[in-house]
Amino acid sequence: MSVQERIMEMVADRFNKELEELTPATEFVADLSADSLDQVELTIDIEDEFGLPETPEDALAKILTIGDLVDYVESTVEH
Amino acid sequence: MKIIIDAMGGDHAPEEIVKGAVQAHQTLGHDLLLVGREADIRRCLRVEGTENLPGIQIQNADDVIDMNDDPTLAIRRKKDSSMVVALNLLKDGEGDAVVSAGSTGALLTGATLIVRRIKGIRRAALAPALPNMGAGALLIDCGANAECTPEQLLQFAYMGDLYAKRMLGIGSPRVALLNNGTEEHKGTSMHQETYQLLKQADLNFVGNVEGSQVLFGEVDVIVTDGFSGNILLKTIEGTAKFLLKNIKEILMSGLKNKLAALMVKNDIGALKKMMDPNEIGGTALLGISKPVIKAHGSSEASAVVNAIRQAAEFAQSDFIQTIAEHIDDMRMDSVKDEKEF
């Protein structure tokens with residue numbers, strides 16, 4: 001399973017959505033009605049899932065879409 | 001039963017927290033795990049003459065989350081704070097419930113991020129029991145979520161209904177939506193949509209209730225967003241203080257009134273006690289997967305005792321398990337589907 005597929009699954013589960021409703025362009029705030037607590041919760045789940053270090057606040061602020069999150073995870077895993 | 005106490009949270013911590021914990025241990029018999037700066041806790045225990053009391057353990061935590069800390073940053077960064085350590089101990093099964101009089105925002109954030117919500121619950125809510133002309137009325141939410149969606153309010157209604165049944169002993173709680181009028185069309189679009197959801201839900205929904213009517217025993221669960229709920233709660237507190245102050249001034253003016261005061265002294269005392277936040281003790285964070293109780297920030301020892309009692313009763317109840325089992329009923333599409341079929 002790719003990073004994107006796993007992240008899509010986790011987002012669908014957290015926001016009670018079907019996978020078909022989500023794309024990389026899906027925005028957390030505009031499309032999923034996420035607030036800051038939702039985003040931090042999801043981030044912690046992602047960190048645990050992929051064994052990432054704590055996400056810096058400035059990086060967190062730049063994650064607006066599912067695609068942004070996938071890019072962040074892939075680039076962090078590579079490093 | 002072991003209750004984990006954030007010994008450093010609150011205006012009068014750690015002195016009053018430790019004092020209350022010792023009293024609770026002696027009167028209720030529960031084991032306690034005090035979390036905070038060990039030297040400070042031991043000093044307070046010495047003052048109480050109970051430094052080596054079996055049944056009271058200490059877990060050192062050097063840091064403290066204060067009221068000015070950003071909740072999310074504090075929970076993520078202050079990993080050795082008494083609140084974060086206490087919540088991690090609860091998560092790891094080292095106790096049955098957590099009591100904290102610390103920052104409400106940090107406790108809510110910490111409980112959500114560390115202990116986690118019941119699966120399917122969108123938001124945890126603060127739900128204090130208000131004194132009223134009946135068995136008490138549950139106000140949900142009183143400040144955890146400033147803005148809410150209709151689905152979140154539907155979940156609050158179900159959680160409030162179950163809490164009123166289990167913890168307040170009300171057989172069929174009358175659930176009402178706080179609004180600016182009783183008619184169905186009143187309020188914002190959020191209120192109107194929530195009204196329709198509650199009307200269709202498997203609840204004893206009695207319609208809208210105005211702020212002026214919530215204390216007269218006609219409703220048992222008051223559903224509202226945290227912004228309005230907090231204003232209602234603080235207005236009630238302020239009005240109660242205002243009235244008691246004026247009654248006191250009337251009763252202390254002139255010989256005739258002082259004599260009258262002597263005759264009703266016990267009744268006035270009972271009224272004052274009913275309105276005292278220390279008597280209520282704490283507020284449960286409903287929707288979290290393990291019991292977390294927020295004690296009033298200005299808690300004195302008696303409030304801590306009551307909060308520990310409440311935590312133990314909550315932990316002994318099947319509230320969380322029952323919510324988890326009925327989570328599908330609390331979804332917006334589930335309520336709408338019922339109407340359609």
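Before I turn to chain B, a word on terms: the domain bounds I will quote come from an automatic or database domain assignment. Please also keep in mind that what we are looking at is a predicted model.

With that said, chain B is divided into domain 1, which covers 1-121 + 287-318, and domain 2, which covers 123-279. The C-alpha centres of domain 1 of chain B and domain 2 of chain B lie 26 Å apart, and the contact between them takes 18 residues from domain 1 of chain B and 13 residues from domain 2 of chain B. On the side of domain 1 of chain B that touches domain 2 of chain B, helix 5 (104-115) and helix 12 (301-316) of chain B each supply at least two residues, and helix 12 of chain B gives the most, with 5 residues. Sorted by class, that side of domain 1 of chain B has 6 nonpolar, 8 polar and 4 charged residues.

Let me move on to chain A, and to one pair of helices there. The axes of helix 1 (residues 3-14) of chain A and helix 5 (residues 66-78) of chain A come within 10 Å and cross at roughly 130°, which makes helix 1 of chain A oblique to helix 5 of chain A. The crossing of helix 1 of chain A and helix 5 of chain A is right-handed.

Which residues make the contact? Helix 1 of chain A contributes A:Val3, A:Gln4, A:Ile7, A:Met8 and A:Val11, while helix 5 of chain A contributes A:Ile66, A:Leu69, A:Val70, A:Val73 and A:Glu74. By class, this contact of helix 1 of chain A with helix 5 of chain A has 8 nonpolar, 1 polar and 1 charged residues.

Note on methods: Residues are numbered from 1 along each chain as its sequence is written. Chains are lettered from A and ligands numbered from 1 in the order in which they are written. This is a predicted model: local features need pLDDT of at least 70, side-chain atom pairs count only at pLDDT 80 or more; totals for chains, interfaces and linings use all residues. Two residues are in contact if their C-beta atoms, placed from the backbone, lie within 7 Å. Helices (H or I, at least four residues) and strands (E, at least two) are DSSP runs, numbered from the N terminus. Ala, Val, Leu, Ile, Met, Phe, Trp, Tyr, Cys and Pro count as nonpolar, Asp, Glu, Lys and Arg as charged, and the others, Gly among them, as polar. Axes are lines fitted to C-alpha atoms, for helices over the stretch in contact, and angles run from 0 to 180 degrees between N-to-C directions. Angles under 35 degrees count as roughly parallel, over 145 as roughly antiparallel, 65 to 115 as roughly perpendicular and the rest as oblique. A crossing is left-handed if the near helix is turned anticlockwise from the far one by less than a right angle, and right-handed if clockwise.
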